[in-house]
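Visitor: I would like a close look at one part of this model, the salt bridges and where their partners sit. Could you walk me through them?

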Amino acid sequence: MSKKADKAVIKPSTKSSAPSTKMPSVAIPSNVDADFETFLTYFNSDSTFQVSRISFPLKVKETDADFELKEHVIEQATFRRMDFTYDKHDLNREYDQSFTIKKDKATVEIRGIENGIFADYNFEKKNGKWMLITCTDSST
């Protein structure tokens with residue numbers, strides 16, 4: 001399996017028409033949008049909440065076979081659940097993950113460790129709620 005395919009747990013599938021995987025719902029606190037880190041915890045743990053916080057159709061840019069960024073969209077019906085759960089203490093991880101926050105915008109950055117993984121997931125706060133707006137996967 002290629003390194004690019006290995007990261008499927010952290011990005012939406014663009015090759016499958018399978019619906020998102022359902023997870024048990026968890027109680028979402030009323031202040032879930034107070035800070036991005038709290039939001040991201042619930043975004044990872046509840047698939048219903050996750051789908052409600054994605055701006056569909058989701059705009060995605062991915063590197064094609066010629067290393068050109070091509071844009072397409074993912075509809076809600078073909079969306080596959082994302083999981084940004086990250087254990088920085090895992091010595092066998094294939095990527096590093098961090099996020100940057102600038103006012104009402106946040107980016108989750110995925111950077112491979114010597115394997116070409118390079119992806120950004122852009123969130124914006126709209127009407128007081130964090131929403132996933134775009135994804136860019138420049139992996140090689």
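Guide: Let's start with Asp-96, which is partly exposed, with a relative accessible area of 33%. Its partner in a salt bridge is Arg-93, and the closest N and O atoms of the two are 2.9 Å apart. Arg-93 also counts as partly exposed, because its relative accessibility is 26%. Bear in mind that this is a predicted model.

A search of the whole structure finds four salt bridges, so the Asp-96 pair has company. Among them is the one between Arg-53 and Asp-33, whose closest N and O atoms are 2.7 Å apart. Arg-53 lies in the loop between α3 (47-52) and β1, and Asp-33 in the loop between α1 (3-6) and α2 (36-45), so this pair ties together parts that are 20 residues apart in sequence. Here both Arg-53 and Asp-33 are buried.

Another salt bridge joins the side chains of Asp-120 and Arg-111, at 2.9 Å from N to O. Arg-111 is partly exposed, as its relative accessibility is 24%.

Now for the sheet. Six strands form an open sheet with mixed pairing, in the order β2-β1-β6-β5-β4-β3. Its edge strands, each pairing on one side only, are β2 (69-74) and β3 (95-102). From one strand to the next, the twist averages 20 degrees. At the β2 end, β1 (residues 54-63) pairs with β2 in the antiparallel sense over six bridges, and Lys-61 stands opposite Glu-71 in β2.

Definitions and conventions
Residues are numbered from 1 along each chain as its sequence is written. This is a predicted model: local features need pLDDT of at least 70, side-chain atom pairs count only at pLDDT 80 or more; totals for chains, interfaces and linings use all residues. Side-chain values use heavy atoms; hydrogens and water are left out. Two strands pair if DSSP finds at least two bridges between them. Helices (H or I, at least four residues) and strands (E, at least two) are DSSP runs, numbered from the N terminus. Axes are lines fitted to C-alpha atoms, for helices over the stretch in contact, and angles run from 0 to 180 degrees between N-to-C directions. Buried means under 20% relative accessible area, exposed over 50%, partly exposed in between (1.4 Å probe, protein chains only).
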